[in-house]
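Biologist: Before we discuss terms, please show the model; I should then like to ask how each description is justified.

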Amino acid sequence: MNATRRLFLASAGAALALPGLARAQDRTLAIYSSRHYDTDRELYDGFTRLSGVRIRLIEANVDQLLERIRAEGANSPADVLVTVDAGRLARAQESGVLAPIRSATLASRIPAHLRDPEGHWCGFSMRARVVMYDRAQGLPAGVARYEDLAKPELRGMVSTRSSSNIYSIGWTASVLAANGPEATEGWARGIAANLSRPPQGGDTDQIRAVAAGQGRLAISNTYYLGLLHRSARAEDREIASRMAVLFPNQGDRGTHVNISGAGVVRTAPNRDAAQAFLEYLSSAPAQAIFAEGNMEYPVVADAAVHPFLRGLGEFRQDPLNAARMAALSPEALRIMQRANWR
Ligand SMILES: [Fe+2]
């Protein structure tokens, strides 16, 4: 028995004791995933070694996957849907594609704010939406909270992506949950007024802009800095080494976080194996692999965190439930549009 297997059996072995997996070697679990990291393959192989269940992987973006599951109807082979962002998981739930599951393993191992209270989906890795700045330039005075980013002193300093992007929407939904609609609209106007350029590109583009001297503060998910850090290109690694991270709102509600997650498909032909797979994902070794695929944080306390992320330091997370954040997202988008955040 290798170390991974021992660790897994110690932490989540109950998953494999399910009677439904008795003839597991006959089974294939179909995973529909919008993640596409080589390390995820290692993760799937680990499940096959432990359970005997083979994995068939279908990869596409989440809208294509949802459309495919709908088109396949009751005959869909899909067992598990894996995707990133609570907003997308909530969209899958709203379209009726996911089944609620009850799992004592998941309930005890995954923090409550990172899973759907009704059990339709569960987060397995986490990213924080932070403020990045060039160490040489330093952090402008008076910036410690998301709310500070709207201050008039920061004109021309903020680099962020468009309001239509799901990360911007989730982030603004977290501000809405904390401060209410009126204050959030004022805040969004302040952000729009402080932009260093019209919103364009992804989070990495905001980091690159600030590193190139366009704006001082890049709004980005933590893993994009991790991906620059482990890039094969020396110029990317140089940018990563120059950027510092501020985890906002450490003195109050905490930094906004979001998840990569998964749920069991409502029409899953192998529901017991699908649930066993999700429970496997909550084991410490699987967590470390799952998270590292995209340089994210594991969500269980005993999983190893990548040294780069450890180096960023510990931080307090906003405990807003991911499902609540997703529910507030449509209103958050309307507020951003009213505020002329393009
Ligand atoms: Fe991303």
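**Domains, core and backbone**

Modeller: The centres of domain 1 and domain 2, taken over C-alpha atoms, are separated by 29 Å. Please bear in mind that this is a predicted model.

Biologist: What makes residues part of domain 1 or domain 2?

Modeller: The domain assignment of the protein chain places 3–126 + 258–310 in domain 1 and 128–256 + 317–338 in domain 2. Such bounds come from an automatic or database domain assignment.

Biologist: How many residues of each domain are in contact with the other?

Modeller: On the side of domain 1 there are 18 residues, in contact with 17 residues of domain 2. Helix H4 (86–94), strand S9 (257–265) and helix H12 (307–312) each supply at least two residues of that side of domain 1. H4 gives the largest share, four residues. By class, the side comprises eight nonpolar, six polar and four charged residues.

Biologist: Why is the largest nonpolar core said to lie between the domains?

Modeller: Both domain 1 and domain 2 give residues to this core, so the core lies between them. Among its 99 residues, Val80, Leu81, Ile207, Ala262, Val265 and Phe277 touch the most other members. Helix H6 (residues 166–194) gives the most to the core, with nine residues.

Biologist: Which residues does isoleucine 207 touch, not counting those up to four places away in sequence?

Modeller: The partners of isoleucine 207 on that count are Met132, Ala218, Ser220, Tyr224, Leu225, Leu228, Ile239 and Met243.

Biologist: How do you know that H6 falls short of the span of a straight helix?

Modeller: A straight helix of 29 residues would reach 42 Å at 1.5 Å a residue, whereas the end C-alpha atoms of H6 are only 20 Å apart. H6 also bends by about 125° at glycine 180, with proline 181 following within four residues.

Biologist: Why is aspartate 85 called buried?

Modeller: A residue is buried if 20 or more other C-beta atoms lie within 10 Å of its own. Aspartate 85 has 25, and is therefore buried. It lies in the loop between strand S3 (80–84) and H4.

Biologist: What makes the phi of aspartate 85 notable?

Modeller: Most residues other than glycine have a negative phi. The phi of aspartate 85 is positive, near 90°, and the residue is not glycine.

Biologist: Is methionine 295 buried or exposed?

Modeller: Methionine 295 has 22 other C-beta atoms within 10 Å, and is therefore buried. This residue lies in the loop between helix H11 (284–292) and strand S10 (297–298). Its phi is positive too, at about 55°, although methionine 295 is not a glycine.

Notes
Residues are numbered from 1 along each chain as its sequence is written. This is a predicted model: local features need pLDDT of at least 70, side-chain atom pairs count only at pLDDT 80 or more; totals for chains, interfaces and linings use all residues. A nonpolar core is a set of buried Ala, Val, Leu, Ile, Met, Phe, Trp, Tyr and Cys residues joined through C-beta atoms within 7 Å. A residue is buried if 20 or more other C-beta atoms lie within 10 Å of its own, exposed if 12 or fewer, and partly exposed in between; C-beta atoms are placed from the backbone. Two residues are in contact if their C-beta atoms, placed from the backbone, lie within 7 Å. Ala, Val, Leu, Ile, Met, Phe, Trp, Tyr, Cys and Pro count as nonpolar, Asp, Glu, Lys and Arg as charged, and the others, Gly among them, as polar. The expected span of a helix is 1.5 Å times one less than its number of residues. The bend at a residue is the angle between axes fitted to the seven residues ending there and the seven starting there.
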